[in-house]
Each structure stands twice: as structure tokens, then as C-alpha cells.
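Hi there,

Here is the structure I promised to pass on to you. Please have a look at it first, and then read my notes underneath.

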Amino acid sequence: MTTAPRIISGTLMLPAPESRVRLASGTIKVLNGRISDMKEGEPHPSPDLGGEHALILPGFVDAHMHLPQFDSIGVDGMTLLDWLDRAIFPAEAAWADPDHAESVATRAARSLLSFGTTAICAYATVHHEGARRAIRSIAQSGMRAMIGQVLMDRNAPPDLSRPAKVLIAEAASLTDWTGTLAVSERARVEHSINPRFAVSCTPELLAGTGELVTRLGAPMQTHLSESRAECELIAKLFGGRSYTGVYEDAGLLGPRSILAHGIWLDDAERATLASTRSIVAHCPTANTFLQSGDCNVASLWRAGVPIAIGSDIAGGNERSMVRVARAMIETAKRVRLASGNGDVPSPAEAWWSITGGNANAIGWSSTSRLAPGAEADILIVKPDIPWMRSPDPLGTLLYAWDDRWIESTLVRGRAVPD
Ligand SMILES: [Zn+2]
């Protein structure tokens with residue numbers, strides 16, 4: 001069905017060379033969920049959305065987060081492994097009730113959209129029906145997403161640890177089922193294969209998961225080298241093999257593999273990630289909240305590892321990707337202060353990271369950018385400060401950012417939540 005074009009006008013945040021953004025006034029035409037035309041120049045005199053003082057941004061992409069942890073933000077005072085046992089596994093166990101799973105996922109989608117996030121890479125839980133409900137709920141929200149049923153068969157509470165063969169069969173069937181969603185939803189959501197992390201996966205489960213990823217050509221999400229205690233446990237569980245090597249042995253590395261954190265890596269591991277084009281999802285707010293460490297992102301960049309950034313809700317306490325982008329800069333500054341070297345991203349690079357940069361890393365090349373042909377995931381923003389007069393408008397927008405500035409969030413041209 002063809003819909004009437006919508007005219008959106010204001011100051012546009014546009015892609016710029018060298019992984020940056022730039023600002024320019026102009027007008028966007030949206031038709032059938034996509035940007036059909038875009039012109040720089042004087043703003044349109046009577047747009048449907050925006051206006052002379054409006055800022056028009058692409059929707060934000062969150063490259064790593066956990067839907068069932070949405071109500072567990074801010075449970076403080078623990079490091080990763082204790083926090084999982086005491087705060088997170090009980091919250092995930094509640095997803096045995098599919099109605100509860102659907103309710104949390106629906107609420108999470110509404111909240112994330114209100115914060116400007118229009119695309120997510122997410123985890124459900126080990127529960128098959130709960131994962132299915134979460135996928136359907138996110139699909140119905142209109143978000144772009146990859147979501148996986150969590151796979152765990154050891155080092156987890158009995159009700160969250162399930163046999164490898166069962167989990168692999170369920171993950172395969174969920175990928176097939178996602179392909180049966182309505183065409184309008186299917187185009188935006190895919191099932192990913194999500195072994196939680198090697199601590200909670202036997203070699204049998206990891207190997208089966210690797211075969212599944214290869215056979216289905218599915219994306220893969222997991223965690224890598226987040227805390228020192230976790231890394232020591234991996235060395236014990238896998239006979240001293242490097243953490244990255246464990247995933248390499250299982251066939252889990254590749255250009256559609258997203259590995260969250262990657263803090264405590266050595267040069268050989270960084271080289272392996274780079275040569276397989278595996279993506280590290282940097283989660284700076286989570287790394288501070290759980291006191292896991294400051295990731296030296298510059299060392300990953302220099303090694304040629306593709307980088308995305310994520311909120312890691314609820315290890316990360318921030319739902320806004322703008323504040324995650326700030327935290328990325330703050331982490332890079334701390335790394336440079338401590339080590340005497342390392343690049344610090346500019347605000348222009350930070351804005352790109354949470355929009356087209358994340359989308360490109362994940363393989364969503366038509367998402368989260370203002371460009372003809374792109375999906376119309378767009379934020380209409382009305383800042384209440386004179387940011388245009390700042391000597392560094394992108395820095396001012398980043399650091400003075402207020403979520404209340406978001407006047408509306410569009411997914412494929414439609415205002416959400418309804
Ligand atoms: Zn995580």
C-alpha cells in the first residue's frame with residue numbers, strides 16, 4: 001500500500017567521511033517507510049514534522065542489551081559473577097512465564113523507543129516460549145532487531161540450565177519460526193544464536209552452536225572477556241585455552257558474530273578477532289557499573305577489530321544511547337590518562353557510533369542514517385538550549401542532551417509508540 005509522502009525539515013545530522021557526522025539544514029521526504037528524497041538547504045516552510053529549530057537525527061542502535069534484565073537496572077555493589085547469581089538469574093527465571101516475558105519485552109520496547117533507540121541486538125532467556133513471545137513483541141513494536149534465546153547448559157541455576165541437544169534444537173526451530181512472522185515484521189527482526197558465555201556453555205553446546213551458526217548463516221551473540229574473575233574461570237574450564245580461542249575452536253567467530261566487552265584480551269586474541277572480522281560490542285556504562293575494567297578500544301581499533309557499542313542493560317544502567325556514547329568518550333579519556341596513549345573519540349565520532357556506525361558494524365547498511373533509500377527511523381528533537389551558537393555544536397548536543405528533547409520517534413516513518 002502506498003502512503004502519502006511526509007515532509008520532515010530542520011537541521012539534519014548527516015553521515016560524513018571518516019566515521020563522523022555533520023550538521024546541515026535541509027528537508028527529508030519519507031514515502032512507504034523509507035527516505036525517498038533528501039535535500040540540503042533552507043528548511044521547508046511548512047513541514048509535517050520538524051521545523052526551523054528542530055534537530056533531525058537517525059534513530060539510535062543499541063548493539064548489546066538483555067530484554068529480561070530491563071527491571072534489574074541499578075542493582076549495585078557486586079561484580080559480574082555474583083551479580084549474575086544474585087540479581088540477574090532470578091529475574092531471568094521469571095521468564096518461565098511467557099506472559100511475563102511478553103509484558104517485559106513490550107514495555108522495554110516502548111521505553112527504548114522513547115529514548116530514541118530504534119534498533120537493538122538483544123538477548124531473551126533460556127525459555128523457548130518466552131523468547132518467542134519477546135521476538136514477536138519486538139517485531140510488533142517496529143524496531144529493527146536481532147534477538148536470541150539464551151543457551152546455557154552449566155554453571156547456572158538448575159531451572160536456567162538445559163540440555164545442549166534440546167537448546168540447539170530449540171534455537172534452530174526459533175530461527176525457522178521467525179521466518180514465518182508477517183512480512184512487514186520479518187524484514188526487521190531476525191533470530192540470532194546466543195550462547196550466553198563460555199562459562200555457562202559446555203564444549204558440546206559450543207560446538208553444536210557453531211554448527212548451527214554455519215548451517216543457518218545466522219548471526220551470533222555472546223560475551224567475551226568482561227571481568228578478570230570470569231577470564232580465570234575460562235582458563236580453568238578450558239584447560240588454559242584463550243577465551244577468544246574457545247570461540248574460535250567452536251566455529252563461532254565471523255562477521256556476524258557480536259562479542260560483548262572484550263576488555264582483557266591479548267594481542268593474539270585481538271588479531272584473531274580482526275582476521276575473522278568478528279565484532280566487539282563495547283559497553284562502557286556496564287564496564288564501569290560492574291567494575292569490570294576500562295576497555296582499551298583504541299587497541300582494538302588499531303588491531304583492525306570492528307567495534308560497535310551497546311548499553312548492556314542491565315549491566316549497564318543507562319537506557320539512552322547518547323549517555324552510552326558519552327561514557328565511551330569518558331572511558332577513552334581514562335585509558336589515555338592511565339596509559340599515556342590511546343585515541344579519544346570526538347563527539348562527531350560518538351554520534352556516528354550510535355547511529356550508522358553501529359548499524360554498519362552489525363550489517364544493517366540501510367538503517368539509522370539520513371540518506372535516500374534508508375529506512376525512515378528518525379528522531380524529531382527540539383533542544384531547549386542555543387546549541388547552534390556553540391563553538392562545538394555536536395559536543396554541546398552530546399553533553400547537554402536531555403531525553404525530553406525527543407519530540408517524536410519514527411520507525412519506518414510511523415510515530416511510535418502509538
Ligand atoms: Zn551482556
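Below is what I found, starting with the metal site and then moving on to the helices, some single residues and the backbone. Please keep in mind that this is a predicted model.

**The zinc site**

Four protein residues donate to the zinc ion: His64, His66 and His223, each through NE2, and Asp312 through OD. Their distances from the zinc ion run from 2.1 to 2.4 Å. Along the chain, the donors follow the pattern H-x1-H-x156-H-x88-D. Two of the histidines tie distant parts of the chain together: His64 sits in strand E5 (residues 60-66) and His223 in strand E11 (residues 220-224), 159 residues apart.

What is the arrangement of the four donor atoms around the zinc ion? The angles they subtend run from 87 to 169 degrees, so the arrangement is irregular. The upper end of that range rules out a tetrahedral label, because all angles would have to lie between 85 and 135 degrees for that. For orientation, the ideal angle for four tetrahedral donors is 109.5 degrees.

Are His64 and His223 buried or exposed? His64 has a relative accessibility of 1% and therefore counts as buried. His223 is buried too, with a relative accessible area of 6%.

**Two helix pairs**

The first pair is helix H2 (residues 98-114) with helix H3 (residues 128-141). Their axes are 8 Å apart and the packing angle is about 30 degrees, which makes H2 roughly parallel to H3. The crossing of H2 and H3 is right-handed. On the H2 side, the residues in contact include Pro98, Ala101, Ala105, Ala109 and Leu113. Among their counterparts in H3 are Gly130, Arg133, Ala134, Ser137 and Ile138.

The other pair is helix H12 (residues 321-339) with helix H13 (residues 347-362). Here the axes are 9 Å apart and the angle is about 130 degrees, so H12 and H13 are oblique to each other. The crossing of H12 and H13 is also right-handed. Met321, Val322, Ala325, Met328 and Ile329 come from H12, and they meet Pro347, Ala350, Trp351, Ser353, Ile354 and Asn358 in H13.

One residue of this contact, Ser353 in helix H13, can be followed a little further. Ser353 has 18% relative accessibility and counts as buried, since the limit for that label is under 20%. Apart from neighbours within four places in sequence, Ser353 is in contact with Ile309, Met328 and Asn358.

**Two strand residues**

Leu379 belongs to strand E15 (residues 378-381) and is buried, with a relative accessible area of 0%. Leaving out residues up to four places away in sequence, Leu379 touches Leu55, Ile56, Leu57, Pro58, Gly59, Phe60, Gly116, Ser408 and Thr409. The C-alpha atoms of Leu379 and Trp405 are 9.9 Å apart, with their positions 26 residues apart in sequence.

Glu190, in strand E9 (residues 189-191), is partly exposed at 21% relative accessible area. Beyond neighbours within four places in sequence, Glu190 contacts Ala145, Met146, Ile147, Thr178, Pro219, Arg256 and Trp364. From Glu190 to Gln140, which are 50 residues apart along the chain, the C-alpha separation is 13 Å.

**Backbone points to check**

If you plan to look at the torsions yourself, three places may interest you.

- The peptide bond from Ile313 to Ala314 is cis, with omega near 10 degrees. Ala314 lies in the loop between strand E14 (307-309) and H12.
- Asn155 has a positive phi, near 50 degrees, and is not a glycine. Asn155 lies in the loop between strand E8 (150-151) and helix H4 (164-178), and is partly exposed, with a relative accessible area of 44%.
- Arg412, also not a glycine, has a positive phi of about 45 degrees. Arg412 is in the loop between strand E16 (406-411) and strand E17 (414-416), and is partly exposed at 30% relative accessible area.

Happy to talk any of this through.

Best wishes

Notes. Residues are numbered from 1 along each chain as its sequence is written. This is a predicted model: local features need pLDDT of at least 70, side-chain atom pairs count only at pLDDT 80 or more; totals for chains, interfaces and linings use all residues. Side-chain values use heavy atoms; hydrogens and water are left out. Donors are N, O and S atoms within 2.8 Å of the metal (3.2 Å for Na, K and Ca); water is not among the atoms, so sites may look incomplete. Four donors count as tetrahedral if all angles lie between 85 and 135 degrees; four count as square planar and six as octahedral if opposite donors are over 155 degrees apart and all others between 65 and 115; anything else is irregular. Helices (H or I, at least four residues) and strands (E, at least two) are DSSP runs, numbered from the N terminus. Buried means under 20% relative accessible area, exposed over 50%, partly exposed in between (1.4 Å probe, protein chains only). Axes are lines fitted to C-alpha atoms, for helices over the stretch in contact, and angles run from 0 to 180 degrees between N-to-C directions. Angles under 35 degrees count as roughly parallel, over 145 as roughly antiparallel, 65 to 115 as roughly perpendicular and the rest as oblique. A crossing is left-handed if the near helix is turned anticlockwise from the far one by less than a right angle, and right-handed if clockwise. Contact means heavy atoms within 4.5 Å.
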